[in-house]
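Some notes follow on the aromatic contacts in this entry. Please read them alongside the coordinates.

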Amino acid sequence: LLLAPTARAATIGAQTPYGTSFAIRDVIGAIAASPSQSGVCDSITGYFKFNLDSCKARCALYTISGSDTVLLANGVSEERWFAANALFTWQGFAFTGPKPVVVAGATYFIAAFGDTAGSGTAGLPRIGVITGAGPVISKNSNYESGFPTPLNPTSSALSFKMSAYVTYTPKAPATAPRRRIVSRP
């Protein structure tokens, strides 16, 4: 037990707090990421701000299946509600059990989606991006209908990089069984 390897969390995505706003009210924004190790996902963290009124948001993981971009099994996070706050802050969205599993080298899309949550309709959830740093795919969709699958983004990829990342626990590599060889006289 003392010599057993300890699992350390790993991440995929962008952990940089970008300060340009990308509105995700009834719009899904997603960035591509690929893990170097297989593992079980714990959460998605994004750099959010919530203008004008309270908002609700959630995140998800998509993967490629054939020619479609589909939700990863168990890949939708918890939904969270936020009071209006015009400042960007890191917010985590946990996966409940069973948690999604990522495979080393496969392509995933880390997605954020939000809507107004207050009594009015003025809430405007936003996630941090930086322009010219990579593609963000997006799709207009009604938040109340949930994450669409397949995603089939309708807009062209925008030249942004989005502040969002997945934290996961790598699976320990399988070890070969040990044999005990005993010589007998």
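1. Arg 80 sits over the face of Phe 93, with a distance of 5.7 Å to the ring centre. This is a predicted model, and the distance is a computed value for that prediction.

2. Beyond this charge-over-ring contact, how many aromatic pairs does a search of the whole structure find? The search returns 11. Two of the stacked pairs are described below.

3. Tyr 47 and Phe 88 form a stacked pair, because their planes are at 10°, under the 30 degrees cut-off, and their ring centres are 5.0 Å apart. Tyr 47 belongs to strand β4 (residues 39-51) and Phe 88 to strand β8 (residues 85-94), so this pair ties together parts that are 41 residues apart in sequence.

4. Are these two rings buried or exposed? Tyr 47 has 17% relative accessibility and therefore counts as buried. Phe 88, at 16%, also counts as buried.

5. Phe 50 and Phe 82 have ring centres 4.3 Å apart and planes at 5°, so they too are stacked. Phe 50 is in strand β4 and Phe 82 in strand β7 (residues 80-82); the pair therefore ties together parts that are 32 residues apart in sequence. Both Phe 50 and Phe 82 are buried.

6. Which residues form one aromatic cluster with Tyr 47 and Phe 88? Trp 90 and Tyr 165 join them in that cluster.

Note on methods
Residues numbered from 1 in each chain as written. Predicted model: local features only at pLDDT ≥ 70, side-chain atom pairs only at ≥ 80, totals over all residues. Heavy atoms only, no water. Phe/Tyr/Trp six-rings, centres within 6.5 Å; stacked < 30°, edge-to-face > 60°. Helix = DSSP H or I, 4+ residues; strand = E, 2+ residues; numbered from the N terminus. Buried < 20%, exposed > 50% of the residue type's maximum accessible area, 1.4 Å probe, protein only. Lys NZ or Arg CZ within 6 Å of the ring centre and 35° of its normal.
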